[in-house]
Amino acid sequence: MKFDFLNLKFIIGAFLLGFVLFLALFGNLITPFTANKQSLMDSLLPPLSGGHILGTDHLGRDILARMISGARVSLAIAASVVVISGVVGVIVGALSGYLRGTWDLVTQKIVESFWAFPPILLAIAILAFFGQSLTNVILALTIQRWIPYSRMSRAQAMVLRSLAYVESSRVMGGGLAWVMRRHILPNLMASAIIVGTFSMATAILAEASLSFLGLGVPPQIATWGGMLAEGRSYITRAWWLAVMPGVGIFITVLSLNLLGDWLRDQYDPKKTLNLI
Amino acid sequence: MLHLITTRLLGAIPVLLLVTMAIFGLLRLAPGDAAELLLPDDATEEQIAETREAWGLDRPIWAQYGQFIGNLARFDLGESYRYRAPVFELIGERLPATLELSFYALVMAIVIAVPLGMIAALNKGKIIDAIVSVISISGVSAPSFWVGILLVLFFSGYLNLFPSSGRLPYGVSVPSVTGFVTFDALIAGSFDTFLQALKYLALPALTLTLAMIGIISRITRAAVIDAGQEEHVFTAVAKGMKRGTIVRRHLMPNAAIPIVTIIGLELGALISGSIIVEVVFSWPGIGTLLFQAISVRDMPLTTGAVASYTILFIALNLLIDIFYVLIDPRLRGHKA
């Protein structure tokens, strides 16, 4: 596989994601303030004043420090969701496509019923009934997100199972675990990574939406969605309160979508003609 | 044709059963006693016993589920304790507002995104294609609640053009016929109210529209390019058919199916988007109702709103399925 690294999508995507990752990891070196330190004397300072690069909120908390905390929460939650749903989805889907039969029938019914809920609604319902916690947010975001992986893996495993080398492996006495590990799962990795990149983008949006609605992680942790919800009431007096966290969400999601697009282009064997 | 529609309708029944099971499961699995969950914190022992009986919570689990389905089928999920009114009555009052907002947003999204995608496809690789793809990827990446706030900041705060919340000015009302304020205003012959209603709709509908434009235009572009790879298109080009005719006769009919599919898939995004947009703009639909219900832990109302959204989603998907048959002649006559 030859990668075309000079692609604009890759350059912009990698740069933006790198920037967000840098802030999340080393942000504390840039700002001396902490996310929850209040200082009512310094409330609603505009960006670039009083040593606050992005200004302060209604309680005088440093926006940049809160943005860094938000980046950590968003990335950590989205990464956990993507890894858990990816592992579950790929294994369930691969088994469905490889084994067919009852297992397939049962999982397809489960997939269908999860899919019958509008996205985010199920997450909202889970958090409403089970209460808010980090675990519940991850659970709520994972519950529908494994499905795209399982659909993709099922379709590909169905094709793989009838390929000569997979059949010979089975004939030679390869058990289920062996065939899965050696022949099926490695072939699903590329597609799973592409699905995962887009899934990470939607997970970040969903986590931000839940925090915005006040259903995300507990409110004492600064999140982008939560900052936006708080900043909303000050929108006419202090625009930066609501605008900044939105920029954070936007560039993170944009970077992942660009990288996902680029990856998909790399693996797409279909070259289209250009007649009209 | 009729056969196909009945098959689709029957096919929705198992899904409905599974979905109601999932909602029931949420109620049962939630920490704490379901009867206590369904009542306000200050409920008396007597009320708890009453609820337990009304929901059949003292009976075996399968009987409870049966009762739940029975209640749901009769549109009876008890009373919201915040509003002191039957749950489904409250939802019925709010439903038209959600539908009206979604209707305008979807129509706008299709009217803008489909031509955008076509233009991009027909100018593939040129600057205009690049511009459309920048619009599309930004639209997919921007959170709608942020876009909504930016629109409010600019159009209501700065330009003072459109109101930022509500459905009609305080004190203005129209006799309800369809439930859609814009249609009702026209029926009542009040053009001023119609214009006002449109102004109130503008920002929330635009926010929802922007969230959908990205995907619809992208799929339209891909569908038109795909349709252009067919041999009959090569033939048409070879025999010197006019470009406009090729687009109309050969590309659009074939591209229509993936476009309708994606619009169908986007209904989910439309519904989840509308929940958030309603909250941002205080739009009096089911989304704000659900949000308020959750914040005061009004569980009967929460359950009702979740169930209504899901049933609405399944019904819309069914409509899309039937619509396929209308636009794809290959599906007619088949017992698919």
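This passage looks at chain B, the contact between chains A and B, and the nonpolar cores of a predicted model.

Chain B makes a handy starting point. Its 336 residues, 39% of which count as buried, carry 13 helices and two strands. Along the principal axes, the C-alpha trace of chain B covers about 85 × 55 × 40 Å. Among contacts in chain B with a separation of 6 or more, 68% link residues 24 or more positions apart.

Next comes the meeting of the two chains. Chain A puts 39 residues into the contact and chain B puts in 47 residues. On the side of chain A that touches chain B, the elements giving two or more residues are helix H3 (101–115), helix H4 (121–130), helix H7 (176–212) and helix H9 (240–267) of chain A. H9(A) supplies the largest share of that side, with eight residues. Sorted by class, the side of chain A that touches chain B holds 27 nonpolar, nine polar and three charged residues.

As for the cores, the largest nonpolar one has 159 residues, and the members touching the most others are A:Ala123, A:Leu127, A:Ile204, B:Met212, B:Ile216 and B:Ala305. With 18 residues, helix H9 (residues 191–227) of chain B gives the most to this core. A second core, separate and made of six residues, includes B:Leu39, B:Trp55, B:Leu57 and B:Met299.

Back in the largest core, B:Ile216 is worth a closer look. Setting aside neighbours within four places in sequence, B:Ile216 is in contact with B:Ala109, B:Ile110, B:Ala113, B:Val114 and B:Gly117, and also with B:Ile262, B:Ile263 and B:Glu266.

Conventions. Residues numbered from 1 in each chain as written. Chains lettered and ligands numbered in written order. Predicted model: local features only at pLDDT ≥ 70, side-chain atom pairs only at ≥ 80, totals over all residues. Core = buried A, V, L, I, M, F, W, Y, C linked by C-beta atoms within 7 Å. Buried ≥ 20, exposed ≤ 12 C-beta atoms within 10 Å, placed from the backbone. Helix = DSSP H or I, 4+ residues; strand = E, 2+ residues; numbered from the N terminus. Contact = placed C-beta atoms within 7 Å. Nonpolar A, V, L, I, M, F, W, Y, C, P; charged D, E, K, R; others polar.
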